[in-house]
Amino acid sequence: MFAAKAIKTSDKAAFYRDLATQLKGLLDGERDSIANAANTAALIFQMVPDLNWAGFYFLQSDEEMVLGPFQGKPACVRIAVGKGVCGTAVELGTSMLIKDVHDFPGHIACDAGSRSELVVLLEDDDGVFGVLDLDSPLPGRFDKADQAGIETLAAIYAAASSFED
């Protein structure tokens, strides 16, 4: 049985290395993409401080993403590609680190308590298939070290999961 272990370090790079090791252990031997997304969201929400939402949106078409497993308050179910932070990340093909969502034109406020957001792409050999989205009630919560760490976790999730129909 997997049990998350507290990570005692103020070094973000070391924190995310330890968290990546835990995620690999948690997903080891499981290929189901939904189960893995649920456990990935739960681990991130439990371990990363100052979050109010952590979860997935998956592309259902070239124009739209649909909500996947998450932790936090109920969320927007559908997001158009090119809309909000998540849709813009997919449209631009890059991670988005937003220090204050109130300053992001077209931000979709699923939770009015969110102030900063980090969205990283989910990719496999066929390209982008969704995003991993983190929200915080604190402005400026995320930095480049968080982005690099969460990008690593997204890659671990993608590599561990099977997306065959």
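This report describes the charged contacts, the aromatic contacts and one surface patch of a predicted model.

**Salt bridges**

Side chains of opposite charge can pair when their charged atoms come close. The structure holds five salt bridges, and three of them are set out in the table below with the distance between the closest N and O atoms.

| Acidic residue | Basic residue | Closest N and O atoms |
|---|---|---|
| Asp-143 | Lys-12 | 3.0 Å |
| Asp-146 | Lys-12 | 2.7 Å |
| Glu-64 | Arg-78 | 3.1 Å |

Lys-12 takes part in a salt bridge with Asp-143, for which the closest N and O atoms are 3.0 Å apart. This pair links distant parts of the chain, since Asp-143 sits in the loop between strand 6 and helix 4 (144-160) while Lys-12 belongs to helix 1 (residues 12-27), and the two are 131 residues apart. Both partners fall into the intermediate class of accessibility: Asp-143 is partly exposed with a relative accessible area of 28%, and Lys-12 is partly exposed with a relative accessible area of 28%.

Lys-12 also forms a salt bridge with Asp-146, where the closest N and O atoms are 2.7 Å apart. Here Lys-12 lies in helix 1 and Asp-146 in helix 4, so the contact ties together parts that are 134 residues apart in sequence. Asp-146 has a relative accessible area of 1% and is therefore buried, the cut-off for that class being under 20%.

Glu-64 forms a salt bridge with Arg-78, with 3.1 Å between the closest N and O atoms. Because Glu-64 lies in strand 2 (residues 64-72) and Arg-78 in strand 3 (residues 78-80), this pair ties together parts that are 14 residues apart in sequence. Glu-64 counts as partly exposed at 27% relative accessibility, whereas Arg-78 is exposed, with a relative accessible area of 51%. Salt bridges that share partners, moreover, join Lys-12, Arg-141, Asp-143 and Asp-146 into one network.

**Aromatic pairs**

A search of the whole structure finds six aromatic pairs. One of them is formed by Trp-53 and Phe-70, which are stacked at 5.2 Å centre to centre with 20° between the planes. Trp-53 lies in strand 1 (residues 53-59) and Phe-70 in strand 2, so the pair ties together parts that are 17 residues apart in sequence. Trp-53 counts as buried at 4% relative accessibility, while Phe-70 counts as partly exposed at 27% relative accessibility.

The rings of Phe-58 and Phe-129 have their centres 6.4 Å apart and their planes at 5°, and the pair is therefore stacked, given that planes under 30 degrees apart count as stacked. Phe-58 lies in strand 1 and Phe-129 in strand 6, so this contact ties together parts that are 71 residues apart in sequence. Phe-58 and Phe-129 are both buried, and together with Phe-56 and Tyr-157 they form one aromatic cluster.

**A patch of negative charge**

On the surface, Glu-123, Asp-124, Asp-125, Asp-126, Glu-151 and Glu-164 gather in a patch of negative charge. Asp-126, one of these residues, is placed in the loop between strand 5 (116-124) and strand 6 (127-136). Asp-126 counts as exposed because its relative accessibility is 76%, and the cut-off for that class is over 50%.

Technical notes:
Residues numbered from 1 in each chain as written. Predicted model: local features only at pLDDT ≥ 70, side-chain atom pairs only at ≥ 80, totals over all residues. Heavy atoms only, no water. Patch = residues over 30% accessible without salt bridge, like charges linked within 9 Å, V, L, I, M, F, W, Y side chains within 5 Å. Areas by Shrake-Rupley, 256 points an atom, 1.4 Å probe, with all protein chains shown as cover. Salt bridge = Lys/Arg side-chain N within 4 Å of Asp/Glu carboxyl O. Lys, Arg positive; Asp, Glu negative; His and termini not counted. Charge placed at Lys NZ, Arg CZ, Asp CG, Glu CD. Helix = DSSP H or I, 4+ residues; strand = E, 2+ residues; numbered from the N terminus. Buried < 20%, exposed > 50% of the residue type's maximum accessible area, 1.4 Å probe, protein only. Phe/Tyr/Trp six-rings, centres within 6.5 Å; stacked < 30°, edge-to-face > 60°.
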